[in-house]
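Here are a few exercises to work through with the model open in your viewer. Try each one yourself before reading on to the solution.

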Amino acid sequence: MTTPLLEIKNLHVTIEGKEILKGINLALEKGQVHALMGPNGSGKSTLSNVLMGHPKYQVTGGEVLYQGRDLASLKTDVRARAGLFLAFQYPTAIPGVSVVNFLRTAMKSRFGEAFQPKEFRKEFKAAMAQLGIEESFATRYVNDGFSGGEKKRHEVLQMALLKPELAVLDETDSGLDIDALRVVAEGINRLRGPQLGILLITHYQRLLSYVEPDVVHVMMDGQIIQSGGKELAHELEAKGYAPYETEKAPAP
Amino acid sequence: MDKIGALKGEAIRPAAWERFTALPWPSKTDEEWRRTDPAKVPLGEVELSPDPASLRVGWEEISPKLIASGVILTDLVSAKKQFPELIQEYLMKSGAPEGLAKFVALHEALFSQGLFCYVPEGVSVELPLRSWVEIAKDRAAVFPHGLIIVGEGAEATLVDERRAPGGVHGPIVSDEMVEIFLKAGSRLRYVHLQKWPPQVVELFTQRVLLEKDAHFLNLTMGLGSTLSKANVETTLTQTGARADLLGLFFGSGRQHFDFQTLQDHRAQATTSDLLYKSALKDDSDAVYRGLIRIARQAQKSDAYQANRNLLLSQGAKADSIPMLEILADDVRCTHGVAVGPVDEEQAFYLMSRGVPEAEAERLIVGGFFEQVIQRLKLKELEEGLMAQVSNKMNKGDPKE
Ligand SMILES: Nc1ncnc2c1ncn2[C@@H]1O[C@H](COP(=O)(O)OP(=O)(O)OP(=O)(O)O)[C@@H](O)[C@H]1O
Ligand SMILES: [Mg+2]
């Protein structure tokens, strides 16, 4: 058996003393797309932030292995340079820092010696064009005053340029109009391939009909309570989370 | 202070000298000096003299066309000889400053050299004018005096630097004053770039008078010196005058900045918009005290004041004291203060893209200052000023 790209074992996480993740298990192979669905507040963004090493969460149990390596001791920037990427549900604004300056710095950090400053402009412009982002975007401040859709495109733009090996996309489809959704989905599909694993967090079947998942997980109250094929997403769309609520209810 | 007694005969303006000697040495119990120890001004350790050679004033030559249109950029000693009527009309005519009394008196008694800039009525100077004042003497008190006059409907940008390229020896006290006159409908963009070497203790006074519909866009940038205590006063004397007052301070080591500002609205429908920001590394600290004063007759005026401080280490400290004195009832006025470390979410976002923590902090600090500098709305200046910030950011950081 090969080592999975990502392996989460019995992960417990608290924030400010409150337990949010209560024993998550998940294994994702290279080249796979896994969808993660679940009601509001079930802990999906908590999981993505923990994967990226956000300092405000405490891992109280279990472990996360990335390419077989325990992530616990690795700082956020080290994880990113190792190929981990998170498209944020709510990207942070950084006033005063332009998109182009930010992305140049990010790519320099990610690729080190291999970064080619001369190629950067060209690559950057091409990636923007593919996502239907106007050139004037380059000089705007990072996420500052971006519309919901602009924020999401900007996240996918970064993913395209930083070429991760594992991408967690946290509701990258929410807040997008139909056309934008297609553009973003196409952007994701272009990057999809044997070298990339994707964890796709979404509330909607819509995105999954563009980006077909290999596996669908359902998360409730900090646990993955069911995993299955793509038909599971259809089922959820039809019936909602109610059947799972009752299933869970008798637990002591 | 024996030296001071011995100097009496040398004072250029004896009445000011009398005022200086009569005023008590500032005390830590004075509100103005509560956060800056007056004992740290080493007046007893430096040579006090009105010697114009203690300063070197320089500027980029202006074009023959500008000279022909009457624009003057020169040093004060030359200006006194060549343009006595202008000097007579404007020098020390900007009104008595409300702060730093003892040092203003000393300055007045002893200053002889500085920058003189005059833009005649109706003349627009397209390219930024550039000037600098350098310290040319060791262990001295220096008294730069700037005099800037922008005639009716005239326009100019002046970038005015303070520096000592060869370095200096021993303590230096710079006791400076800049006077600026904006005539009706004129427009001046004035960047005061303070890059004194670390031996310098600075007292700085700026007095600006704006007439009808004049627009003053000011950036005071404090990067150098060990201690800088400043008083920046802007008086909107006539209707429609507008002042955009920007400040940017970047402290490291044990640098101490103490800034006091006055937005003095004396006429109807005047506007002032102040944004002062400091980023503080190591054990540096900043004090900001800002007064908005709106006179009874200054109805329909707008006054804004914001002071933001970024603390980049445990040892850094910032104090911010906004003050309002509003006698008119139909005005808009807001003020805001923020003091805090680098935003954790911003740092996390950058780091999640592979940017190391120190580099993320540099980006955030750069952005923090970029928001001030971009308000100058002059691209060709912005890059150079941001480079000054980066330069300060990159040096004196032993970890890198
Ligand atoms: N700082 C915090 N303090 C306390 N509780 C928090 C904090 N941050 C998040 N939580 C809680 O953690 C739980 C999980 O939140 P999370 O954002 O992970 O949910 P989610 O599944 O991503 O929801 P959504 O679908 O709405 O995005 C929620 O109940 C939330 O209120
Ligand atoms: Mg979420």
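The exercises below concern a predicted model, and each is followed by a worked solution.

**Exercise 1. Describe how chain B and chain A meet: how many residues are in contact, and how much area is buried between the chains?**

Solution. Start with the residue counts: 21 residues of chain B touch 35 residues of chain A. Next, take the area, which comes to about 2,200 Å² buried between the two chains. Carbon and sulfur atoms give 65% of that area. Now look for the main contributors on the chain B side: B:Phe348, B:Tyr349 and B:Arg353 supply 37% of the area that chain B buries against chain A, more than any other three residues.

**Exercise 2. Find out how many salt bridges and polar contacts link the two chains, and which helices chain B brings to the interface.**

Solution. Begin with the charged pairs. Side chains of opposite charge can pair when their charged atoms come close. Between chain B and chain A there are three salt bridges. In a salt bridge between A:Glu155 and B:Arg353, the N to O distance is 2.6 Å, well worth a look since B:Arg353 also appeared among the area contributors above. Then widen the search to polar contacts, which give eleven residue pairs between the chains, with both partners at pLDDT 80 or more. On the chain B side, helix H7 (344-351) and H8 each supply at least two residues. H8(B) makes the largest share, with eight residues. Sorted by class, the side of chain B that touches chain A has nine nonpolar, six polar and six charged residues.

**Exercise 3. Work out the packing of H8(B) against H9(B): what are the angle, the axis separation and the handedness?**

Solution. First, locate the helices: H8 covers residues 357-373 of chain B and H9 covers residues 379-394. Their axes lie 10 Å apart at an angle of about 145 degrees, and the crossing is right-handed. Then list the contact: residues of H8(B), including B:Val365, B:Phe369 and B:Ile373, meet residues of H9(B), including B:Leu385, B:Met386 and B:Val389. The contact holds seven nonpolar, two polar and three charged residues.

**Exercise 4. Repeat the analysis for H3(A) and H5(A): at what angle do they pack?**

Solution. H3 (residues 99-111) and H5 (residues 148-162) of chain A pack at about 35 degrees, their axes 10 Å apart. The crossing of this pair is right-handed. Among the residues that meet are A:Phe102, A:Leu103 and A:Met107 from H3(A), with A:Leu157 and A:Leu161 from H5(A). By class, the contact divides into nine nonpolar, two polar and one charged.

**Exercise 5. Which helix holds both A:Asp179 and A:Arg182?**

Solution. Both residues lie in H6 (residues 178-191) of chain A, three residues apart, about one turn of the helix. Their side chains form a salt bridge with an N to O distance of 3.8 Å. Over all chains, the structure holds 41 salt bridges.

Methods: Residues numbered from 1 in each chain as written. Chains lettered and ligands numbered in written order. Predicted model: local features only at pLDDT ≥ 70, side-chain atom pairs only at ≥ 80, totals over all residues. Heavy atoms only, no water. Axes fitted to C-alpha atoms, helices over the stretch in contact; angles between N-to-C directions. Helix = DSSP H or I, 4+ residues; strand = E, 2+ residues; numbered from the N terminus. Left-handed = near helix turned anticlockwise from the far one by under 90°. Contact = heavy atoms within 4.5 Å. Nonpolar A, V, L, I, M, F, W, Y, C, P; charged D, E, K, R; others polar. Buried area = accessible area lost by both parts, 1.4 Å probe. Salt bridge = Lys/Arg side-chain N within 4 Å of Asp/Glu carboxyl O. Polar contact = N/O pair within 3.5 Å; in protein donor to acceptor, adjacent residues only side chain to side chain.
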